[in-house]
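Visitor: Please choose one part of this model and take me through it slowly, beginning with the terms I need and then setting that part against the rest of the chain. I would like a close look at the charged pairs.

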Amino acid sequence: MHKTLLPLLIFVASSAVDTIDAFASGSLFHPSSIVIAPLSSTSSAAATASARWRRQHHRQLQLQLQHQLQLQAHELPSDELLSLLSSSVSDTTTTTDVDGGADDNNDQKDENEDKIKNAIASLESSFLSSSTSSNNNKRFQPLIGLYEVTKVLPTKKGDNPVGGKWTRKNGLAQKLFRTRTTFQHLLPLEEPQTATRSESKEEKTEAAVAQAVNVVSLDALNGLLRITVILRGDAIPLSSDERFQLNTDANRTIAPLTDLAVRAYFDPPRIYFGKRRKKSLKKGEGGDDEYSYLPLQIGPSSSVILDTTYCDKMVRIGMGGTSGTRFVFTTTEVEEAKEYEGLLNLSSKGNKGKVLRRLVMTLAVSLYYAVFGNDGVGKMTTCVSRLASRFVKAVGSNAKITAFGLGVVAKMKPWAMTGMRIAAGLTSIVSGIAMLLILFSSGGIERDGVSQSSPSPSP
């Protein structure tokens, strides 16, 4: 439509410029005043300057019209997509108790999903990479920025491409925590960096064009506890041969990869276990202002392929290179989006060993009291009963009340012994599970569609 209107707009603008010039010269109302006669040098120079001004003004107006059409072609459609996403979020937060309301909500949700998919397809069809040269890494510069994960459209039911096990609805993490926010940032390289990968048992090193930082943040107990998972990796452009090999795969049923496709090589996940401070730190004292964190690096390194099918100043649309899942990322400047900076500066060196040693000691002591420690539990409960007896004697105002209190303490002693053994058993189970998770966990990475390498000794 814009290509059809462009010549018409330029013609109208050109006619307007000619009309204004003719009106200023008077020839619009007095055509007979145009007389072929010798011109003086002054009038000839004035006529030449006037013609040059008209040509320059016409060219300037043409460029302005083209620029406005380009803005409309690349920015206004993303505004429409953002509007659909906003309405989709508001619809999911609205519930009804009327019979049949759930079915109506599902129908409306499906309708919104279809509209969002159509808007994404429209944007992708009109998008062209900023550079026609696949060897020019400047084409990735418009993608750099802080992004929030606004919408995920998986191609397969049950897929959970953002957050892995941390955000899966039927997973343990979501039963204990709630997802606070998710981000995927593309950051510039502060200095030339390289990322190493293994391919056919041969080590290859290629230059990265950006850092990819995936962030998943979860809260529990109204924000008293917090877990933040960060995957940091180097984004390396796929070569033309790699893209051709993937695009011509006989089993490939998704859209072909573009020259903005990259493979992100991620470090092992960094998991930050946080607890709200009783007193916030002052600025400049280091650490997080509100939470104290225990950083651990657990799990294997991994890699994924991600393509960019559309990008402007507000929206970036990504596509899983092998799954075809669509991701809608929106630019953001919220403070939560910058929390990764302070967290990545926290060192996790040695923390894994310290935690494992403490868990081993806890497991050993709790097992002893739960299985072999009748004498130990008995001594502990005896001490507790003695303290309780002294308290009753000190508080009791007459002999009957004191005797009753001491009788209750004596009867509670066997129950206390049983309760302490049960608590010791539960402690041993929890500490054992925590040890296994630290030693063998994938850090929350789900293995489907994700290439993984051997766990790091240190997602």
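Guide: Helices here are DSSP runs of H or I with at least four residues, strands are runs of E with at least two, and these elements are numbered from the N terminus. The model is a predicted one, and its secondary structure comes to 10 helices and 13 strands. Of the 459 residues in the chain, 36% are buried, while the accessible surface amounts to about 28,700 Å², with 58% of that area belonging to carbon and sulfur atoms.

A search of the whole structure turns up 12 salt bridges, and a convenient one to begin with joins glutamate 111 to lysine 115, whose closest N and O atoms are 3.8 Å apart. Because these two residues stand 4 positions apart in helix 4, which spans residues 101–126, about one helical turn separates them. As for their surroundings, glutamate 111 is partly exposed at a relative accessible area of 43%, and lysine 115, at 40%, is likewise counted as partly exposed.

Another pair joins aspartate 219 and arginine 178, where the closest N and O atoms are again 3.8 Å apart. This pair links distant parts of the chain, since aspartate 219 belongs to strand 5 (residues 210–220) and arginine 178 to strand 2 (residues 178–187), with their positions 41 residues apart in sequence. Aspartate 219 has a relative accessible area of 6%, and because buried means under 20%, it falls in the buried class.

The part that deserves the closest look is the contact between aspartate 267 and arginine 232, whose side chains meet in a salt bridge of 3.1 Å from N to O. Aspartate 267 sits in the loop between strand 7 (262–266) and strand 8, whereas arginine 232 sits in strand 6 (residues 225–237), so the pair ties together parts of the chain that are 35 residues apart in sequence. The two partners fall into separate accessibility classes: aspartate 267 is partly exposed, with a relative accessible area of 22%, while arginine 232, at 13%, counts as buried. Nor does the pair stand alone, for salt bridges that share partners join Arg232, Asp234, Asp267 and Arg270 into one network.

From that network one can step directly to the largest cavity, as Arg270 is among the residues lining it, together with Tyr272, Pro295, Leu296, Gln297, Leu346 and Ser348. The space in this cavity is about 30 Å³. Strand 8 (270–276) and strand 9 (291–297) each supply at least two residues of the lining, and strand 9 gives the most, with 3 residues. Sorted by class, the lining holds 4 nonpolar, 2 polar and 1 charged residues.

Going back along the chain from arginine 232, one reaches the loop between strand 5 and strand 6, where leucine 221 is placed. The phi angle of leucine 221 is near 55 degrees, which is a positive value in a residue other than glycine, and leucine 221 is exposed, with a relative accessible area of 61%. Asparagine 222 also lies in the loop between strand 5 and strand 6; its phi is positive too, at about 60 degrees, although asparagine 222 is not a glycine. At 76% relative accessibility, asparagine 222 counts as exposed.

Two further places help to set these charged pairs against the rest of the chain. Proline 142, in the loop between helix 4 and strand 1 (147–153), is partly exposed, with a relative accessible area of 45%. In sequence, proline 142 and aspartate 312 are 170 residues apart, yet their C-alpha atoms are 7.6 Å apart in space.

The other place is a nonpolar patch on the surface, formed by Ile422, Leu426, Ile429, Ile433 and Leu437, which together have about 490 Å² of accessible area. One of these residues, isoleucine 429, lies in helix 10, which runs over residues 399–440.

To return to the part chosen for the close look, the salt bridge of aspartate 267 and arginine 232 belongs to a network that also takes in Asp234 and Arg270, and Arg270 in turn helps to line the largest cavity.

Conventions. Residues are numbered from 1 along each chain as its sequence is written. This is a predicted model: local features need pLDDT of at least 70, side-chain atom pairs count only at pLDDT 80 or more; totals for chains, interfaces and linings use all residues. Side-chain values use heavy atoms; hydrogens and water are left out. On a 1 Å grid over the protein atoms alone, a cavity is a set of points where a 1.4 Å probe fits but cannot get out, and a pocket is an open set with protein on both sides within 12 Å along at least five of seven lines; lining residues have an atom within 4 Å of a point. Grid points are joined across faces, edges and corners, and a volume is the space filled by probe spheres set on the points. Ala, Val, Leu, Ile, Met, Phe, Trp, Tyr, Cys and Pro count as nonpolar, Asp, Glu, Lys and Arg as charged, and the others, Gly among them, as polar. Patches are made of residues with over 30% relative accessible area and no salt bridge: like charges are joined within 9 Å, nonpolar side chains (Val, Leu, Ile, Met, Phe, Trp, Tyr) within 5 Å. Accessible areas come from the Shrake-Rupley method with a 1.4 Å probe; for residues, only the protein chains shown count as cover. A salt bridge is a side-chain nitrogen of Lys or Arg within 4 Å of a carboxyl oxygen of Asp or Glu. Buried means under 20% relative accessible area, exposed over 50%, partly exposed in between (1.4 Å probe, protein chains only).
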